[in-house]
Amino acid sequence: MVTQPYATVPRSFPGETIVCLGSGPSLTADDVAYCRGRARVIAVKDAITMAPWADVLYACGLDVSGWWRHMGPRLTDFAGLRYTLDRAAASWAQVLELTGETGIETTPTGLRSGYNSGAQAINLAVHLGARTIVLLGYDCQKSPHGPLCVRRWYTLIHGSLHSATRLAARIAA
């Protein structure tokens, strides 16, 4: 089997605000609609159903191969960028390299895991050039696979987590 090289994320949105949409219960249709045309949007996994017009789709995690097999064929009209860490999803998305667990990867061919797809989407927003990253639907609640780890990831980077529901993190360009 020949391994394809990893994709390189272009710095497509330098200095812009990027909203990362998680799929937590706090995400509302009104919040999503408000973002349209006001900021760049990364939809994480199922958030794409609320924002089919998003600039970027990111999906990875414990179930990602199954997610892409199920959703990939349904996304034929999606015009935005698509990324994952899962090589099995290469038919539907550009594959990036997993380069570690914590922190922010600065090389645009890779992402740190942050232990979940929401954290990976934040790293992706940094690669895309975000100056401000706004998180919606990042609720840090338990899932069938155990506790979501945005809380752990954010704590490792910044030392504490105040309100993950509508957290805005300034990223130095």
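Which charged end sits over the ring of Y34? I will start with that detail and then move to the strands, the core, the third helix and a few residues in the loops, and I should say at once that what we have in front of us is a predicted model. The answer is R38, whose charged end lies over the ring of Y34 at 4.1 Å from the centre of that ring.

Let me turn to the strands, beginning with β1, which covers residues 17–21 and is joined to β8 by five bridges, the two strands running parallel. Within that pairing, I18 of β1 has I133 of β8 standing opposite. Strand β8 itself covers residues 132–136, and because four of its five residues are buried, β8 is largely enclosed by the rest of the structure. Strand β1 also pairs with β2, again in the parallel sense, this time over four bridges, and here L21 has A43 in β2 as its bridge partner. For β2, too, four of the five residues are buried, so β2 is largely enclosed by the rest of the structure.

Further along we come to β3, residues 56–58, and β4, residues 81–84, which pair in the parallel sense over three bridges, with Y58 standing opposite Y83 in β4. Strand β4 then pairs with β5, residues 94–95, in the parallel sense and over two bridges. If you look for Y83 once more, you will find that its bridge partner in β5 is Q94, so to speak a second place to stop while following this part of the model.

Now to the interior. The largest nonpolar core has 23 residues, and those that touch the most other members are C20, I42, Y58, L96, L124 and L128. At least two residues of this core come from each of β1, β2, β3, α3 and β8, and the largest share, five residues, is supplied by α3.

That brings us to α3 itself, which covers residues 117–128, and we can check its length with a little reasoning: at 1.5 Å a residue, its twelve residues should span 16 Å, and the C-alpha atoms at its ends are indeed 16 Å apart, which agrees. How many of the twelve residues of α3 are buried? Eleven of them are, so the helix is largely enclosed by the rest of the structure. Among these buried residues are S117 and G118 at one end of the list, and H127 and L128 at the other. As a general reminder, an α-helix has 3.6 residues a turn, so residues three or four places apart point the same way. At the start of α3, a side-chain oxygen of N116 reaches to within 2.9 Å of the backbone nitrogen of G118, and after the helix comes G129, which has a positive phi near 105°.

Let me say a word on backbone angles, since most residues other than glycine have a negative phi. Y115, in the loop between β7 and α3, is not a glycine and yet has a positive phi, near 70°; with a relative accessible area of 28%, Y115 is partly exposed. K45, which lies in the loop between β2 and β3, also has a positive phi, about 45°, although K45 is not a glycine. Is K45 buried or exposed? Its relative accessible area is 15%, and because the cut-off for buried is under 20%, K45 counts as buried.

Another loop residue to point out is G24, found between β1 and α1, which counts as buried at 15% relative accessibility. Its C-alpha atom is separated by 9.8 Å from that of D46, although the two residues are 22 apart along the chain.

Finally, the aromatic rings, where the count of pairs comes to one. That pair is formed by W67 and W68, which meet edge-to-face, with 5.0 Å from centre to centre and 90° between the planes. Both partners are buried, W67 at 7% relative accessibility and W68 with a relative accessible area of 0%.

Terms used: Residues numbered from 1 in each chain as written. Predicted model: local features only at pLDDT ≥ 70, side-chain atom pairs only at ≥ 80, totals over all residues. Heavy atoms only, no water. Expected span 1.5 Å × (residues − 1). Buried < 20%, exposed > 50% of the residue type's maximum accessible area, 1.4 Å probe, protein only. Polar contact = N/O pair within 3.5 Å; in protein donor to acceptor, adjacent residues only side chain to side chain. Phe/Tyr/Trp six-rings, centres within 6.5 Å; stacked < 30°, edge-to-face > 60°. Lys NZ or Arg CZ within 6 Å of the ring centre and 35° of its normal. Pairing = 2+ DSSP bridges. Core = buried A, V, L, I, M, F, W, Y, C linked by side-chain atoms within 4.5 Å.
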